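Let's take a walk through this one together. Have the viewer open and follow along from one end of the chain to the other.

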Amino acid sequence: MEYSPPPLFKQGASARAKVVFFSLIAIALLVVDSHVKSLALIRQAIGTTLYPLQMAALMPRDAALGVAGYFSSLSSVERENKKLRLEQAANAQTLQRAQQLFSENAQLRKLLGTSEQLPVPSVMSEILYDARDVFTRKIVLDRGSRHGIVAGQPVIDDVGVVGQITRVFPFTSEATLLTDKDQAIPVQVVRSGLRSVAYGRGQSGVLDLKFMAANADIQKGDKLVTSGIDGVYPAGLAVATVVQVESKSNDAFARIVCQPSAGIDRNKQLLILLAEPKTAPRPPPEEPKDKKERGGKTHLRDTGKDTAVPAAPGKPR
């Protein structure tokens, strides 16, 4: 009986012979491909067929790299976002400061141009704070008697009159605004030349023209400037604009409301005019009429006798 090994243990050609055989085939294919270029189409077909298998084999690796990249990117984005937020806050503060400086620079340039056009010298001042009394409209400036400030000097900005110096200290001074209830300023209507007096109401942004006749030549939109007749404010400074005129037939006076031209709520730097207030001396009191019309006699207190006043020459006694 012939014995044959199982198929698992059957051996064909030797491994060395197989290596030599397939090596020769590979070399032959390489030589043919390099000279004939006939295997390019076959290579492309095989690559296209195997591409899905390659992608399927690379899916676990790509998934692992994607998860790691996601968490890494999330962490880096959070750090970058935090850094950008800090930079944004710092830049916002710098931007606000730059805008404030730009606004102050523009205001100072306007004040400088205004001071050059004024006929009187002036000094630049800055608002320190509002007065403590809430029922008055006053501010405290950083210029005092050491800088040549005296009571009564006008305070203006680049647009118009702000108020008047009312109290002076060595290094600071107190200015009363035009809107204060106890403040008044002589004004003149630019259009018609009509003169009047503007009074403060105690409210911000409001002035009143009192005791104006109901038929006075004044209308909404008229510009009011200083008349200069008080000897305190130079003539021609802008004061206010008429915003409301109410004339009733049964009232003797019109109700006229004005809006100040100066932007006290918007500006921090002001000009103080160094001109001292000039007021004309009062005339001497007139003698009573009854004394002038007496019968030409004067009483001498030392003698107690009456002495007749001589008549003018050329006239009968």
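What follows goes from the whole chain to its helices.

Keep in mind that this is a predicted model. The chain holds three helices and 14 strands. Of its 317 residues, 25% are buried. The accessible surface adds up to about 23200 Å², and carbon and sulfur atoms own 58% of that. As for contacts, take those with a separation of 6 or more: 56% of them join residues 24 or more positions apart.

Now zoom in on helix 1, which covers residues 15-36 and includes F22. Is F22 buried or exposed? F22 counts as exposed because its relative accessible area is 53%, and the bar for that label is over 50%. F22 also has company: together with F21, I25 and L29, F22 makes a nonpolar surface patch of about 400 Å². A bit of helix geometry is handy here: an α-helix has 3.6 residues a turn, so residues three or four places apart point the same way.

Next up is helix 2, residues 40-117, with 78 residues. How far apart are its end C-alpha atoms? They sit only 92 Å apart, while a straight helix at 1.5 Å a residue would reach 116 Å. Have a look at M59 in helix 2: there's a kink of about 40° there, shortly before the proline P60.

Further along helix 2, you'll find Q107, L111, T114 and S115, which are buried. And what do the buried residues of helix 2 pack against? Their partners are strand 1 (122-130), strand 3 (154-156) and strand 12 (269-273).

Methods: Residues numbered from 1 in each chain as written. Predicted model: local features only at pLDDT ≥ 70, side-chain atom pairs only at ≥ 80, totals over all residues. Heavy atoms only, no water. Patch = residues over 30% accessible without salt bridge, like charges linked within 9 Å, V, L, I, M, F, W, Y side chains within 5 Å. Areas by Shrake-Rupley, 256 points an atom, 1.4 Å probe, with all protein chains shown as cover. Salt bridge = Lys/Arg side-chain N within 4 Å of Asp/Glu carboxyl O. Helix = DSSP H or I, 4+ residues; strand = E, 2+ residues; numbered from the N terminus. Buried < 20%, exposed > 50% of the residue type's maximum accessible area, 1.4 Å probe, protein only. Expected span 1.5 Å × (residues − 1). Bend = angle between axes of the 7 residues up to and from the residue. Contact = heavy atoms within 4.5 Å.
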